[in-house]
Amino acid sequence: MAPRGTLEVQLVGAKDLKNMDVGMMDPYCVITYKDQQKKSGVARGQGSMPDWNETLLFTIAGGEDDLRIKIYDQDSGSLDDYVGELKIPLDAIVTDTGCEGRMPPTPYEVMRNDEVKGEITIGLFFNPEPGHESRGDCCDDEEEEED
């Protein structure tokens, strides 16, 4: 059965982001999962070391896919500057076992034109929809204690 549930994306922060123009950066993220897209808050005046500390929710309904994160620098009076992006495969935490999946906050490289443009820290938590059958892969310890 295909996994269904909620994916919590914990957007922690970034460091060493490449400033794309003159002045202090005001970075934000656009996070996409399939046809769902969420935008983080703008880390105003935080430059290349923003702390977002936000949690964004996505509905998972179907097979695993990648989470895509693009980072921009907000500009007033002109188009926002594209800083870079990354993809996080979800197959390790979004499974069809009916079990929760968790990945603690982990640093990822932000890339643009095959060059590293900084680092972003993201944590993930998959909470399966109630009622999906578990194959016992994550619950064996509890069942063994009842003997």
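Visitor: Is Glu119 buried, partly exposed or exposed?
Guide: In this predicted model, the relative accessibility of Glu119 is 26%. Buried would require under 20%, and exposed over 50%. Because its value lies in between, Glu119 counts as partly exposed.

Visitor: With which residue does Glu119 form a salt bridge?
Guide: The closest N and O atoms of the pair are 3.7 Å apart. Glu119 lies in strand S8 and its partner in strand S1, 104 residues apart along the chain. The partner is partly exposed, at 37% relative accessibility. The residue is Lys15.

Visitor: Which residue does Arg4 meet in a salt bridge?
Guide: Arg4 belongs to strand S1, whereas its partner sits in the loop between S8 and helix H1 (140-145), 125 residues apart. The closest N and O atoms are separated by 3.5 Å. Arg4 has a relative accessible area of 38%, and the partner has 34% relative accessibility. That partner is Glu129.

Visitor: How many residues apart in sequence are Asp66 and Lys87?
Guide: The side chains of Asp66 and Lys87 form a salt bridge, at 3.8 Å from N to O. Asp66 lies in strand S5 and Lys87 in strand S6, so the pair ties together parts of the chain whose separation in sequence is 21 residues.

Visitor: Is Gly84 buried or exposed?
Guide: Gly84 is part of strand S6 (residues 81-89). Beyond its neighbours up to four places away in sequence, Gly84 touches residues including Ile69, Val110 and Met111. Its relative accessibility is 0%, and the limit for this class is under 20%, so Gly84 counts as buried.

Notes. Residues numbered from 1 in each chain as written. Predicted model: local features only at pLDDT ≥ 70, side-chain atom pairs only at ≥ 80, totals over all residues. Heavy atoms only, no water. Helix = DSSP H or I, 4+ residues; strand = E, 2+ residues; numbered from the N terminus. Buried < 20%, exposed > 50% of the residue type's maximum accessible area, 1.4 Å probe, protein only. Contact = heavy atoms within 4.5 Å. Salt bridge = Lys/Arg side-chain N within 4 Å of Asp/Glu carboxyl O.
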